[in-house]
Amino acid sequence: MSGLATLAVTYGFGRYGYGLFLPRFQAEFGGSAGALGAVTSIGYLGELLALGVVGRWAGRRSPRLPIAIGLACAGAGMLLIAVAPGTWVLAVGVAVSGMAPGWVWTPYSDLVQDTVKPSGRTHALSMISTGTTFGVVLAGPAAFFATDSRWRLVWLGAAAVAFLVMAWNIRALPSAPVNRARPREPVQWRALVGRRGAWPLFVAATSSGLIGAVYWSFAGVAVATANDGDERVAPVLWTVIGVAGTVGVLTGRFVQLHGLRATFVTTQLVLSLSTAVLWLAPAGWGFALTSAVLYGCGFMVGGTLLSVWSSMVFPDHPTRGFSVVVVFITLGAVAGPSALGLVVDSAGLSSAFAIATLLALATLAALPRHSRNRSEETQ
């Protein structure tokens, strides 16, 4: 449960809450939607640095250390956002908070690999990864409260929660590596990147990062703009995404029943439909909610699927292997708001979602090698 709570606060609010509050930040600080959306890229760059450190620590230090550092980053970053007097402090807060996912997500791979029976690993990974959606569920209603300057109180509250979850993890997680038999010397990243069957996973991860960053950064603005600036639309959108995303807890079950490939193909088709709706018909509550349901299902199952897929490709180095996967997710996320932020400012929001739709469809070429969960074969 501490893992679910960790991802809820670091991803569900610290990372993706920024896009939800983007219209409020634009009203408070000024600036174009494209420029403010590109601010998220700063946080992703910080995440890359964190992933490098976590990869070296894997197997040699307790997962508790990077997880605690990540939650401290989330709390400090959200605190800076809450008190920001201008765009520069806001950007620093987004950068510090944006580092948190790089510290916290991948260490749970070692914990699951070393403490959970093979038959339960996909479910455990699904539960942890789906923590994101529970954070989004809470962020949506919070935005209703955030009228005028009250948005600052919401971010102060989120920062307090991050520090509380940090204390919970420090108390709950072991102080030393769980599996002392695991190799402690860092495996060369070049060897992990060159592993057979890894590149389809990396392509899918990059695509996931780019599409996700674009949606979280610009969907709220797109829907609000298409509905005469109605500020109620974006919070409802986020809440529906979060509720629909709870299906992510069943990802492990989907893989066991239908196979990795079928689950992957279905996820990409659902993602492409979610962005296509905002490309072709963003106006109206019906279309907005349809996009939110589709995106919640596609994004959360897809993100959880990456962790399950990674555990199959890197069973001997779960945290280090998944760290490489998250690097590719982050590279896509860095490119998304930066490159498509320029597209937004020059050609409009619909063009960015058109590109995201085509990319989701093109990613179908990156089929997994494994049809089913390898853990089944070891039972």
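Start inside the protein: select Ala-204, Ser-208, Gln-268, Leu-271 and Gly-302, which lie nearest the centre of the second largest cavity, a space lined by 14 residues. Keep in mind as you click around that this is a predicted model.

**Stop 1: the second largest cavity**

The volume here is about 100 Å³. Now colour α13, α16 and α17, since each of these helices supplies at least two lining residues. Which helix gives the largest share of this lining? That would be α17, with 6 residues. If you colour by residue class, you'll get 7 nonpolar and 7 polar residues in the lining, and no charged ones.

**Stop 2: the largest cavity**

Next, select Tyr-11, Tyr-16, Trp-105, Phe-299 and Ile-329. These residues lie nearest the centre of the largest cavity, and the full lining runs to 20 residues. The helices giving two or more residues to that lining are α1 (2–15), α5 (40–57), α13 (198–226), α17 and α18 (318–347). The space inside comes to about 200 Å³. Switch on the class colours again: the lining of the largest cavity splits into 10 nonpolar, 8 polar and 2 charged residues. If you want to hunt for the rest, the total is 7 cavities of 30 Å³ or more.

**Stop 3: helix α15**

Move to residues 251–258, which make up α15, and pick out Thr-251, Gly-252, Val-255 and Gln-256, the buried residues of this helix. Why do these four sit on the same side of α15? Look down the helix: they share a side because they cover an arc of only 140° around the axis. To see what lies over them, show α9 (118–129), α16 (260–280) and α17 (285–313), which are among the elements covering the buried residues of α15. Then step just past the end of α15 to Gly-259, where the backbone takes a positive phi of about 95°.

**Stop 4: Ala-352**

Jump to α19 (residues 349–362) and select Ala-352. Is Ala-352 buried or exposed? Its relative accessible area is 0%, so Ala-352 is buried. Expand the selection to its contacts: leaving aside residues up to four places away in sequence, Ala-352 touches Val-214, Leu-340, Val-343 and Val-344. Add Tyr-215 and draw a distance between C-alpha atoms; the two residues are 9.2 Å apart in space, with their positions 137 residues apart in sequence.

**Stop 5: two cysteines**

Select Cys-73 and then Cys-297. With 14% relative accessibility, Cys-73 falls under the 20% cut-off and so counts as buried. Cys-297, at 26%, counts as partly exposed. Don't spend time looking for sulfur bridges, as a search of the whole structure turns up 0 disulfides.

**Last stop: the whole chain**

Zoom out and switch to a cartoon view. How many helices and strands does the protein chain have? You'll find 19 helices and 0 strands. Colour by burial, and 58% of the 379 residues count as buried. For a contact map, take the contacts with a separation of 6 or more: residues 24 or more positions apart account for 87% of them. The pair you drew at the fourth stop, Ala-352 and Tyr-215, is 137 residues apart in sequence.

Technical notes. Residues numbered from 1 in each chain as written. Predicted model: local features only at pLDDT ≥ 70, side-chain atom pairs only at ≥ 80, totals over all residues. Heavy atoms only, no water. Buried < 20%, exposed > 50% of the residue type's maximum accessible area, 1.4 Å probe, protein only. Arc of directions from axis to C-beta. Contact = heavy atoms within 4.5 Å. 1 Å grid on protein atoms, 1.4 Å probe; cavity = no way out; pocket = protein on both sides within 12 Å on 5 of 7 lines; lining within 4 Å. Points joined across faces, edges and corners; volume = space filled by probe spheres on them. Nonpolar A, V, L, I, M, F, W, Y, C, P; charged D, E, K, R; others polar. Disulfide = S-S within 2.5 Å.
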